[in-house]
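Subject: Structure handover

Hello,

Here is the structure we talked about. Please open it alongside this note; what I found follows below.

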Amino acid sequence: MFRTIKSDIQAVFDNDPAARSVLEVVLTYSGLHAIWLHRIAHWLYCRKWYTVARIISQFNRFLTGIEIHPGAKIGKRLFIDHGMGVVIGETCEIGDDVVMYHGVTLGGTGKEKGKRHPTIGNNVVIAAGAKVLGSFKVGDNSRIGANTVVLKEVPEGSTVVGIPGRVVKRNGVRVGRLDHGDLPDPLIDLFKNLQEQIDELKQELQREREKNGGSKTHDIENL
């Protein structure tokens, strides 16, 4: 138990340059408090003390702003930075050395029974506001961008961004033409597509007018 507590504290120092002392971390880091309270709730949950476990998880939510269902399985050295608004579902499984920021949701997509929440691999970073929804795996060493909505499995070593989330980099190699900071925007893509179609129609109309000996530009420019 003491080894686990020590590794949880070390995870804070490994991931947060603002951490200055063990005393400060133990007393002021809500993400750490949430993990420790969850470990107690999960221990009770596994022994079928469901109501007591839920009471502890609700107290945990009230105290830290982080809601972790007592049935969720959390690995070693999870670091939740800031943490406010984090939600982790009942059948969620989180591997070792995962970093998670505020506003993250690891949830389901409906009322189905059984495994309905994601499995997060080892050494995964989930940025602020990201939503991972459904029963699938996020592979080891993956990165999920801020406000990304992930609805399907993520291969190992991938970087995922956008709504819905899509892989833009895998094992350090870019996938497609997307650069960092050039996140997918379906609305912009739609406008670009419409503009291309309008330009094609203008060119086709101009060719037809030239063929019929009419004005080359007057009507077209008024489109």
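In which strand is Gly107 found? Gly107 is found in strand S7, residues 105-107. Before going further: this is a predicted model.

**Around Gly107**

Gly107 has a relative accessible area of 9%. The cut-off for buried is under 20%, so Gly107 counts as buried. Its C-alpha lies 4.8 Å from that of Leu133, although Gly107 and Leu133 are 26 residues apart in sequence.

S7 belongs to an open sheet of five strands. The order is S1-S4-S7-S10-S13, and the pairing is parallel. S1 (67-68) and S13 (149-150) are the edge strands, each pairing on one side only. Strand S4, residues 87-88, pairs with S7 in the parallel sense over two bridges. Across that pairing, Ile88 stands opposite Leu106 in S7.

**A second parallel sheet**

Four strands make another open sheet, with the order S2-S5-S8-S11. Its pairing is parallel. The edges here are S2 (73-74) and S11 (137-138); each of these pairs on one side only. S2 runs parallel to strand S5 (residues 93-94), and two bridges join them. Ile74 is opposite Ile94 in S5.

**The second largest pocket**

Ile74 turns up again in the lining of the second largest pocket. That pocket holds about 220 Å³ of space. The full lining is Met1, Thr4, Ile5, Trp36, Arg39, Ile40, Ile74, Gly75 and Lys76. By class, that gives five nonpolar, two polar and two charged residues. Helix H1 (2-15) and helix H3 (30-46) each supply at least two lining residues. H3 gives the largest share, three residues.

**S12, S14 and S15**

Strand S12 (residues 143-144) runs parallel to strand S14 (residues 158-161), joined by two bridges. In this pairing, Arg143 stands opposite Thr159 in S14.

S14 also pairs with strand S15 (residues 166-170). This time the sense is antiparallel, over four bridges. Val160 faces Val167 in S15 as its opposite residue. Val161 has Arg166 in S15 as its bridge partner. S14 and S15 form a hairpin, with four residues between them.

The turn deserves a look in the backbone angles. Gly162 in the turn has a positive phi of about 100 degrees. Ile163 and Pro164 are joined by a cis peptide bond, with omega about -10 degrees. Pro164 sits in the loop between S14 and S15.

**Other backbone angles**

Why flag these at all? Most residues other than glycine have a negative phi, and most peptide bonds are trans.

- His82 has a positive phi, near 65 degrees, and is not a glycine. His82 lies in the loop between strand S3 (79-80) and S4. Its relative accessible area is 56%; the cut-off for exposed is over 50%, so His82 is exposed.
- Asn141 also has a positive phi, near 60 degrees, and is a residue other than glycine. Its place is the loop between S11 and S12. Asn141 is partly exposed at 40% relative accessibility, because that value falls between the buried and exposed cut-offs of 20% and 50%.

**Aromatic pair**

How many aromatic pairs are there? The count comes to one. Tyr45 and Tyr50 form the pair, in edge-to-face geometry. The ring centres are 5.0 Å apart, and the planes meet at 65 degrees. Edge-to-face needs an angle over 60 degrees, so this pair qualifies. Tyr45 counts as buried, at 18% relative accessibility. Tyr50 is partly exposed, with a relative accessible area of 41%.

**Cysteines**

The structure holds zero disulfides. A disulfide is a covalent bond between the sulfur atoms of two cysteines. Is Cys92 buried or exposed? Cys92 is buried, with a relative accessible area of 1%. Cys46, by contrast, is partly exposed, at 47%.

Over to you.

Best regards

Key. Residues are numbered from 1 along each chain as its sequence is written. This is a predicted model: local features need pLDDT of at least 70, side-chain atom pairs count only at pLDDT 80 or more; totals for chains, interfaces and linings use all residues. Side-chain values use heavy atoms; hydrogens and water are left out. A disulfide is a pair of cysteine sulfur atoms within 2.5 Å. Buried means under 20% relative accessible area, exposed over 50%, partly exposed in between (1.4 Å probe, protein chains only). On a 1 Å grid over the protein atoms alone, a cavity is a set of points where a 1.4 Å probe fits but cannot get out, and a pocket is an open set with protein on both sides within 12 Å along at least five of seven lines; lining residues have an atom within 4 Å of a point. Grid points are joined across faces, edges and corners, and a volume is the space filled by probe spheres set on the points. Ala, Val, Leu, Ile, Met, Phe, Trp, Tyr, Cys and Pro count as nonpolar, Asp, Glu, Lys and Arg as charged, and the others, Gly among them, as polar. Two strands pair if DSSP finds at least two bridges between them. Rings of Phe, Tyr and Trp (its six-membered ring) pair if their centres lie within 6.5 Å; planes under 30 degrees apart count as stacked, over 60 as edge-to-face and the rest as tilted.
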